[in-house]
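This report goes through the nonpolar cores, one helix and a group of aromatic rings. The sequence and structure come first.

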Amino acid sequence: MPAAGGAEHFSIVTRPGVVVYQAKGVPMFKRILVPTDGSDITAKAVKTAIGMARLSGAELFVLAVKEPFPYSAISEMQPVPPQEFFDAQERVAAARVQAATDEAAGLTAHGHTVEALHPWEAILDHAKTQNCDLIVMASHGRRGVTALLLGSETQKVLTHSTLPVLVVR
């Protein structure tokens, strides 16, 4: 017998550590964005995003944000030439994205690298341009004054996003 309130139209999909509620026959999330910086905590967010994409049949979008070149007023003081810096940044970012998309074997996974002064803005812009409906991010779990002083890309995404954001610790 169907439950009151139309509950027969929903299913619960669970795996260890993941619960996804969705309307029957309709994926909860279709396009999931996961930014990566190569850290261990970000690797945990990547694994979570991949698991959610597998459960819901979603496409995965992996993003690595590169730092812009730190220009100096005294050009002779540059420790690394700009092109060498850009090439190194791209190699590192591309390797991070490739590692995540390799881990997502069997899924439709897209990898991108972008340069931005503020990673949180690049993350939100990328989510919008790729029509993502979920952002999965890592958090180091800083609290109090440390979190206030250091700030957090995750916190900034949470503050400014109009999309759901899943924070993994």
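## Terms and model

A residue is called buried when its relative accessible area is under 20%, exposed when it is over 50%, and partly exposed in between. The model is predicted, and its local features need pLDDT of at least 70.

T42 shows how the cut-off is applied. With a relative accessibility of 6%, T42 falls under 20% and therefore counts as buried. T42 is found in helix α1. Leaving out residues up to four places away in sequence, T42 touches P35, T36, D37 and A138.

## Nonpolar cores

The largest nonpolar core is made up of 23 residues. Within this core, I32, V34, L60 and V136 have the most contacts. Two or more residues each are given to the core by β3 (31-35), α1 (40-56), β4 (59-66), α2 (82-103) and β6 (134-138). The largest share, seven residues, is that of α1.

V136 gives a view of the surroundings of one such residue. Apart from neighbours within four places in sequence, V136 is in contact with I32, L33, V34, P35, A45, A49, L166 and V168. A second core, separate from the largest one, has 11 residues, including W120, L124, I135 and V157.

## Helix α1

Helix α1 has 17 residues. From its first C-alpha to its last, α1 reaches 25 Å, close to the 24 Å expected at 1.5 Å a residue. After α1 comes G57, whose phi is positive, near 70°.

Which residues of α1 are buried? They are I41, T42, A45, V46, T48, A49, I50, M52, A53, L55 and S56. An α-helix has 3.6 residues a turn, so residues three or four places apart point the same way. Two of these buried residues, A45 and A49, are among the contacts of V136.

## R96 in helix α2

R96 has its place in helix α2. Is R96 buried or partly exposed? The relative accessible area of R96 is 32%; because this value lies between 20% and 50%, R96 is partly exposed.

Not counting residues up to four places away in sequence, R96 touches T36, D37 and G38. The side chain of R96 reaches the backbone oxygen of D37 at 3.0 Å. T36 and D37 are also among the residues that T42 touches. R96 and H112 are 16 residues apart along the chain, and their C-alpha atoms are separated by 10.0 Å.

## Aromatic rings

The structure holds three aromatic pairs. One of them is the edge-to-face pair of F69 and F85, at 5.2 Å centre to centre and with 75° between the planes. F69 lies in the loop between β4 and α2, whereas F85 is in helix α2, so the pair ties together parts that are 16 residues apart in sequence. Both F69 and F85 are buried.

F85 also pairs with F86: the ring centres are 6.2 Å apart and the planes stand at 75°, so this pair is edge-to-face. How do F85 and F86 stand in burial, and why? F85 has a relative accessible area of 16% and is therefore buried. F86, at 25%, is partly exposed because the value is not under 20% and not over 50%. F69, F85 and F86 form one aromatic cluster.

Terms used:
Residues are numbered from 1 along each chain as its sequence is written. This is a predicted model: local features need pLDDT of at least 70, side-chain atom pairs count only at pLDDT 80 or more; totals for chains, interfaces and linings use all residues. Side-chain values use heavy atoms; hydrogens and water are left out. A nonpolar core is a set of buried Ala, Val, Leu, Ile, Met, Phe, Trp, Tyr and Cys residues joined through side-chain atoms within 4.5 Å. Buried means under 20% relative accessible area, exposed over 50%, partly exposed in between (1.4 Å probe, protein chains only). Helices (H or I, at least four residues) and strands (E, at least two) are DSSP runs, numbered from the N terminus. Contact means heavy atoms within 4.5 Å. The expected span of a helix is 1.5 Å times one less than its number of residues. A polar contact is a pair of N or O atoms within 3.5 Å; within protein, one must be able to donate a hydrogen and the other to accept it, and residues adjacent in sequence count only if both atoms are side-chain atoms. Rings of Phe, Tyr and Trp (its six-membered ring) pair if their centres lie within 6.5 Å; planes under 30 degrees apart count as stacked, over 60 as edge-to-face and the rest as tilted.
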